[in-house]
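Hi everyone, thanks for making time for this. I'd like to walk you through one model, so please have the sequence and the viewer open.

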Amino acid sequence: MKLLAIDCAANLCAACVYDAGPGIELGRHVLDLGKGHAEHLMAAIEAALKAGGIGYQDLDAVAVSIGPGSFTGLRVGVSTARGLALALKIPAIGVTTLEALAAEAANTFPGRAVLAALDAGREELHAALFDKALVLTYGPAVATLSEATAMAVDAAAVLAGTAAPQIAAAAGNSFDIGPVAATADIATYARLAAAKGPGEKPKPLYLRGADAKPQAGFILPRQHHDPQKRNPRGKQS
């Protein structure tokens, strides 16, 4: 099975082609953008396909990171994956950023529980706890630093994600720490999706509402009733 994996959950706009049979990556293209995923994702996909020496018609599935992560990036990645899957009549498979980061930590520290956590701002974390077999036991959910720290201590977990240093510092313990990035390597998403296989259609994993607020110009001023104002027929309202 050949998969196209795409990731727009954080700063990266990443795509890779992966052959699940031998378990090898055929080609990739990764851009560190910060913003502008929508403008660059299709070019990144086509560059990865070209590097892998295959075309869209050779794909058997599309894998995509579904978050937690950037609201805009997740929408771009998931909508693109679902659009390609529909056009090519192949499944789209979602993988969370937290399970991908946990899988990378488990590669370095096998046979250990893993707590993957991302700094979500507002003194909140997006966290998920996995047992020694990488089975999800908590989350993904919004957690406080103290809650995440207690979980890490209780499970003697390996830490992963951008919040890993915070958790280790709060606990005052020396934890084993895996990747501290906001997202995993693109090939990790491909590998996990190949193992997972088709399921529900992917959708962005939003653990809380968007930070964006309507612009003031779009808020209509409240209409006040003026009893002295006459209606069009010349009578008072």
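**A walk through the model**

Let's begin with Ile 93, which counts as buried because its relative accessibility is 2%; buried means under 20% relative accessible area, exposed means over 50%, and partly exposed is in between, with a 1.4 Å probe and protein chains only.

Before I go further, some housekeeping. This is a predicted model, with residues numbered from 1 along each chain as its sequence is written. Local features need pLDDT of at least 70, side-chain atom pairs count only at pLDDT 80 or more, totals for chains, interfaces and linings use all residues, and side-chain values use heavy atoms, leaving out hydrogens and water.

As for pLDDT, that is the predictor's confidence in each residue, from 0 to 100. The chain has a mean pLDDT of 89, and 88% of its residues reach 70 or more. Over residues 210–237, though, the pLDDT is below 50, and this stretch has 12 contacts in the model beyond near neighbours in sequence. By contact I mean heavy atoms within 4.5 Å.

Back to Ile 93, then. You'll find Ile 93 in strand S5, residues 92–95. Helices (H or I, at least four residues) and strands (E, at least two) are DSSP runs, numbered from the N terminus. Which residues does Ile 93 contact, leaving aside neighbours within four places in sequence? Among them are Ala 61, Val 62, Ala 63 and Val 64, and further along the chain Ala 193, Lys 196, Gly 197, Pro 198 and Pro 202. Leu 3 is 90 residues from Ile 93 in sequence, and their C-alpha atoms are 9.7 Å apart.

Some of those partners take us to helix H6, residues 186–196. Its buried residues are Ile 186, Ala 187, Thr 188, Tyr 189, Ala 190, Leu 192 and Ala 193. What covers them? The cover includes strands S1 (2–7), S2 (12–19), S3 (24–32), S4 (61–65) and S5, together with helix H3 (97–108). At the start of H6, a side-chain oxygen of Asp 185 comes to within 3.0 Å of the backbone nitrogen of Ala 187. Just after H6, Gly 197 has a positive phi of about 80 degrees.

Now for helix packing. Two packed helices are described by the angle between their axes and the distance between the axes. The axes are lines fitted to C-alpha atoms, for helices over the stretch in contact, and angles run from 0 to 180 degrees between N-to-C directions. H3 and H6 have axes that come within 10 Å and cross at roughly 100 degrees. That makes H3 roughly perpendicular to H6; the classes are under 35 degrees for roughly parallel, over 145 for roughly antiparallel, 65 to 115 for roughly perpendicular, and oblique for the rest.

A second pair is H4 and H5 (residues 164–171), with axes 9 Å apart at an angle of about 80 degrees. H4 is therefore roughly perpendicular to H5. Here Leu 145, Ala 148, Thr 149, Ala 152 and Val 153 of H4 meet Gln 166, Ile 167, Ala 170 and Ala 171 of H5.

Over in strand S4 sits Ser 65, which is buried at 2% relative accessibility. Its side chain makes a polar contact of 2.5 Å with that of Asp 7. A polar contact is a pair of N or O atoms within 3.5 Å; within protein, one must be able to donate a hydrogen and the other to accept it, and residues adjacent in sequence count only if both atoms are side-chain atoms. Ser 65 also touches Tyr 189, one of several residues more than four places away in sequence.

Next, some backbone geometry to check in your viewer. The Gly 67 to Pro 68 peptide bond is cis, with omega near 5 degrees, and Pro 68 lies in the loop between S4 and helix H2 (71–88). Gly 139 and Pro 140 are also joined by a cis peptide bond, with omega about -5 degrees; Pro 140 is in strand S8, residues 136–143. Glu 123 is not a glycine, yet its phi is positive, near 60 degrees. Is Glu 123 buried or exposed? Glu 123 is exposed, at 76% relative accessible area.
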